[in-house]
Amino acid sequence: KRFQPNFPFSKGPMKSQRAKYSVVLPIYNEVDNIVPLLDEIEESLRPLGHPYEIIAVDDASNDGSAEVLEKQVRLRPHLRCIRFRGNSGQTAALSAGLRFSEGEIIITLDSDRQNDPHDIPRMLQKLESENFDCVHGWRLKRKDGFFLRKVPSWIANRIIRWLWNSTLHDLGCSLKVFKREVASELKLYGEMHRLMGILIQGMGARVCEVRVNHRPRVAGYSKYNLSRTVKV
């Protein structure tokens with residue numbers, strides 16, 4: 001009830017055939033990152049030769065992100081956009097993006113450009129060639145602050161891995177690729193987007209983890225604080 005598809009959905013060449021890949025991109029106040037990130041995503045997917053779509057979900061940004069997306073959706077035939085009426089959080093944005101996606105394979109990543117879209121083809125190749133249901137990113141060398149980001153994340157990961165007997169090392173990594181049938185079973189609420197890997201493993205799906213590039217933030221500001229770790 002709190003979101004509306006109030007941007008025009010693209011009507012370009014891609015829409016004549018069903019997308020194979022759907023990129024779900026939650027966005028909140030990332031005005032300076034949107035265009036470079038969209039360029040990088042398209043650079044990584046275009047050589048694969050399959051139809052794709054990018055679903056940008058604007059979580060009621062107030063920094064001009066909505067205006068940038070409204071312009072970009074008219075310029076990029078692969079881009080579809082949804083805008084929330086009120087700020088609802090990353091989990092809600094991901095859930096909405098999954099609902100509106102059409103692809104056989106879903107790709108998720110953050111909009112701050114710290115996830116590297118050039119890792120996507122390698123993850124897709126592993127998913128498809130080795131018949132995994134989900135390939136989960138592992139930011140082995142994180143470019144984040146030590147005390148406010150790395151230490152809380154390390155503690156949370158250790159606790160969650162112990163509680164659920166999980167083999168995943170980096171549950172907070174948003175860069176993932178997974179199959180449509182997996183996405184259709186996910187029920188996300190609260191801060192559950194951070195436990196997607198655990199939820200997918202709990203379905204009995206085949207999940208693997210690959211090391212991915214992690215980059216320092218070059219524009220905008222982090223929305224992370226310690227209260228989010230407590231919620232998780």
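**Salt bridges, helix packing and surface features of the predicted model**

A network of salt bridges links Asp-39, Glu-42, Arg-46 and Arg-76. The model in which this network appears is a predicted one, and the structure holds 16 salt bridges. Among them is the pair formed by the side chains of Glu-40 and Arg-215, which meet at 2.9 Å from N to O. Glu-40 belongs to helix H1, while Arg-215 is placed in the loop between E8 and helix H8 (226–231), so this salt bridge ties together parts that are 175 residues apart in sequence. Both partners, Glu-40 and Arg-215, are buried.

Another salt bridge is found within a single helix, where the side chains of Glu-70 and Arg-74 meet with an N to O distance of 3.7 Å. Both residues lie in helix H2 and are separated by four residues, about one turn of the helix. Glu-70 has a relative accessible area of 33% and is therefore partly exposed, whereas Arg-74, at 58%, is exposed. A further salt bridge joins Arg-122 to Asp-119, with the closest N and O atoms 2.9 Å apart. Here Arg-122 is partly exposed, its relative accessible area being 41%, but Asp-119 counts as buried because its relative accessibility is 8%, and the cut-off for a buried residue is under 20%.

With regard to the overall architecture, the protein has eight helices and eight strands. Of its 232 residues, 53% count as buried, and the accessible surface comes to about 11000 Å², of which 53% belongs to carbon and sulfur atoms. Among the contacts in the protein with a separation of 6 or more, 82% are accounted for by residues 24 or more positions apart.

The packing of helix H4 (120–129) can be described through its buried residues, which are Ile-120, Met-123, Leu-124 and Leu-127. These residues cover an arc of only 100 degrees around the axis, and they are therefore placed on the same side of H4. The cover over the buried residues of H4 includes strand E2 (21–27), helix H1 (34–45), E5, E6, strand E7 (176–179) and strand E8 (207–211).

Just after H4, Asn-131 takes a positive phi of about 60 degrees. Most residues other than glycine have a negative phi. Asn-131 is found in the loop between helix H4 and strand E6 (134–138) and, with a relative accessibility of 47%, counts as partly exposed. A positive phi of about 60 degrees is also present at Ala-60, although this residue is not a glycine. Ala-60 is located in the loop that runs between strand E3 (52–58) and helix H2 (65–75), and its relative accessible area of 19% makes it a buried residue, since buried means under 20% relative accessible area.

Strand E5 (residues 105–108), one of the elements that cover the buried residues of H4, contains Thr-108. This residue is buried, with a relative accessible area of 2%, and its side chain reaches the backbone oxygen of Ser-174 at 2.8 Å. When neighbours within four places in sequence are left aside, Thr-108 is in contact with Val-24, Leu-94, Ser-174, Leu-175, Lys-176 and Phe-178. For one of these partners, Leu-175, the C-alpha atom is separated from that of Thr-108 by 5.4 Å, although the two residues are 67 residues apart along the chain.

At the surface, Ile-155, Ile-159, Trp-162, Leu-163 and Trp-164 make a nonpolar patch of about 610 Å². One of its members, Leu-163, is found in helix H5 (residues 146–164). With 51% relative accessibility, Leu-163 counts as exposed, because the cut-off for an exposed residue is over 50%.

How values were computed: Residues numbered from 1 in each chain as written. Predicted model: local features only at pLDDT ≥ 70, side-chain atom pairs only at ≥ 80, totals over all residues. Heavy atoms only, no water. Patch = residues over 30% accessible without salt bridge, like charges linked within 9 Å, V, L, I, M, F, W, Y side chains within 5 Å. Areas by Shrake-Rupley, 256 points an atom, 1.4 Å probe, with all protein chains shown as cover. Salt bridge = Lys/Arg side-chain N within 4 Å of Asp/Glu carboxyl O. Helix = DSSP H or I, 4+ residues; strand = E, 2+ residues; numbered from the N terminus. Buried < 20%, exposed > 50% of the residue type's maximum accessible area, 1.4 Å probe, protein only. Polar contact = N/O pair within 3.5 Å; in protein donor to acceptor, adjacent residues only side chain to side chain. Contact = heavy atoms within 4.5 Å. Arc of directions from axis to C-beta.
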